[in-house]
Amino acid sequence: LEAAIDGVLSGKYKPLDFRFFVGHTRYAKGQLEDAVTKGKYQPIACSRPLVLKQCIQLPKPLWHEVLEFCGGELKEISKLELTKREDL
């Protein structure tokens, strides 16, 4: 975090080059792997430009954008969840 702050202050980076995700979940040893195996979580690789894209530019929440790029069943899950929202 200090390196990011220093980089912004020195002009090496722009503030919008960063996105911070606050919060965490702790798992017991093997618990996350078990949840992934059972299909409760889906590890997904995502491009840096998409993750750092400014929220104001997104037509929908970031995780929907990512799922749509994944295609297949994950895209369909995103579509289904979007129909439940009243704020978009």
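Student: In this predicted model, what makes Ser78, Glu81, Leu82 and Arg85 contacts of His64?

Tutor: Contact requires heavy atoms within 4.5 Å. Leaving aside neighbours within four places in sequence, His64 is in contact with Ser78, Glu81, Leu82 and Arg85, so each of these residues satisfies that cut-off with respect to His64.

Student: Why is His64 called buried?

Tutor: The residue is found in helix H4. Buried means under 20% relative accessible area; His64 has 1% relative accessibility, and therefore counts as buried.

Student: Which other residues of helix H4 are buried, and what covers them?

Tutor: Helix H4 spans residues 62-70, and Leu62, Glu65, Val66 and Leu67 are buried there along with His64. The cover over the buried residues of H4 includes helix H3 (48-52) and helix H5 (72-83). Just after H4, Gly71 takes a positive phi of about 75 degrees.

Student: Why is Leu9 called exposed?

Tutor: Leu9 lies in helix H1, residues 2-10. Exposed means over 50% relative accessible area; Leu9 reaches 71% and so counts as exposed.

Student: Which residues join Leu9 in a nonpolar surface patch?

Tutor: Leu1, Ile5 and Phe20 make the patch together with Leu9, and its area is about 500 Å².

Student: How do you know that Trp63, Val66 and Leu67 line the largest pocket?

Tutor: A lining residue has an atom within 4 Å of a pocket point. Trp63, Val66 and Leu67 are among the residues lining the largest pocket, so they meet that criterion. The lining also includes Tyr41, Cys46 and Leu74. H4 gives the most to this lining, with three residues, and the pocket has a volume of about 330 Å³.

Conventions: Residues are numbered from 1 along each chain as its sequence is written. This is a predicted model: local features need pLDDT of at least 70, side-chain atom pairs count only at pLDDT 80 or more; totals for chains, interfaces and linings use all residues. Side-chain values use heavy atoms; hydrogens and water are left out. Buried means under 20% relative accessible area, exposed over 50%, partly exposed in between (1.4 Å probe, protein chains only). Helices (H or I, at least four residues) and strands (E, at least two) are DSSP runs, numbered from the N terminus. Patches are made of residues with over 30% relative accessible area and no salt bridge: like charges are joined within 9 Å, nonpolar side chains (Val, Leu, Ile, Met, Phe, Trp, Tyr) within 5 Å. Accessible areas come from the Shrake-Rupley method with a 1.4 Å probe; for residues, only the protein chains shown count as cover. A salt bridge is a side-chain nitrogen of Lys or Arg within 4 Å of a carboxyl oxygen of Asp or Glu. On a 1 Å grid over the protein atoms alone, a cavity is a set of points where a 1.4 Å probe fits but cannot get out, and a pocket is an open set with protein on both sides within 12 Å along at least five of seven lines; lining residues have an atom within 4 Å of a point. Grid points are joined across faces, edges and corners, and a volume is the space filled by probe spheres set on the points.
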